[in-house]
Amino acid sequence: YRLVILCGTDEEGVSHVTAKLQLFQRPFKLCDENACAQYLQSKLLHVPVAPLPRLLHRRTSFVNKNRYSALIVSSTRSGMGKSLHVQRMAQDIRGSHVVHVPVHGPEVKAYSIMELLEHNVDSKCTIFHLDVVPTVLHQSNSILFSLLVLRGLTDVLGNTWRCDEKDVYVVEVTVPEQEDNVVATSALSFLNLLPRVKCASPLQLREANGNLP
């Protein structure tokens, strides 16, 4: 195929393009989540912009070992080191510049995100820190998919943002551990396929290590 158009069933009646192309519709087979995650991770590998000092090798294995161009940093509650993780990434990538992009409500629109994105021409790498509020996760999925996977974003006016291959996009999000949190679970189905770092509390780390002193 020369052109592939993805459209959800809830949007078919809104788009004139998809309505005209109904004759060319093909069945879509769901792939295995693990296989999809491995494929995305292989495509999101990021080449280091500068060699790291020997003293930083150990810490880098914790921060961003494989140098992914897109990374999810999550925790079950606030104050567990997500922002600190992003700061350490900036320290490890010498000559980098951090752009903080808050993603909050009441509505998340592409143009509002694009207004905050900016490239620093003097830096070797720009780390875009997208701080997503849990209440707008379901609104930001399509925007995050465009930025992290398609590597670009377009608003309703036709303005386009293109990601630079040397930049890194980090999404910070807090996901409460609640079984009935259906909205957050469905919104994170895409983010769970991406390279991810989970920040844990000291108690969780102790339990994971077998209650070692």
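Aspartate 164 is a good place to start in this predicted model: the residue is partly exposed, with a relative accessible area of 27%. Its partner is lysine 166, and the two form a salt bridge in which the closest N and O atoms lie 3.1 Å apart. Lysine 166 is partly exposed as well, at a relative accessible area of 32%. Side chains of opposite charge can pair when their charged atoms come close. With a cut-off of 4 Å between a side-chain nitrogen of Lys or Arg and a carboxyl oxygen of Asp or Glu, the count for the model comes to one salt bridge.

Now let us turn to a nonpolar part of the surface. Leu3, Ile5, Val17, Leu21, Leu23 and Phe24 form a patch there, and together they have about 660 Å² of accessible area. If you look for leucine 21, you will find this residue in the loop between α1 (16-20) and α2 (33-43). Leucine 21 has a relative accessible area of 34% and is partly exposed. Patch members need over 30% relative accessible area, so the 34% of leucine 21 meets that requirement.

Stepping back, you can take in the whole protein. Its fold contains eight helices and seven strands. The chain has 213 residues, and 38% of them count as buried. The accessible surface of the protein comes to about 14,100 Å², with 55% of this belonging to carbon and sulfur atoms. As for contacts between residues at least 6 apart in sequence, 74% join residues at least 24 apart.

Technical notes
Residues are numbered from 1 along each chain as its sequence is written. This is a predicted model: local features need pLDDT of at least 70, side-chain atom pairs count only at pLDDT 80 or more; totals for chains, interfaces and linings use all residues. Side-chain values use heavy atoms; hydrogens and water are left out. Buried means under 20% relative accessible area, exposed over 50%, partly exposed in between (1.4 Å probe, protein chains only). Patches are made of residues with over 30% relative accessible area and no salt bridge: like charges are joined within 9 Å, nonpolar side chains (Val, Leu, Ile, Met, Phe, Trp, Tyr) within 5 Å. Accessible areas come from the Shrake-Rupley method with a 1.4 Å probe; for residues, only the protein chains shown count as cover. Helices (H or I, at least four residues) and strands (E, at least two) are DSSP runs, numbered from the N terminus. Contact means heavy atoms within 4.5 Å.
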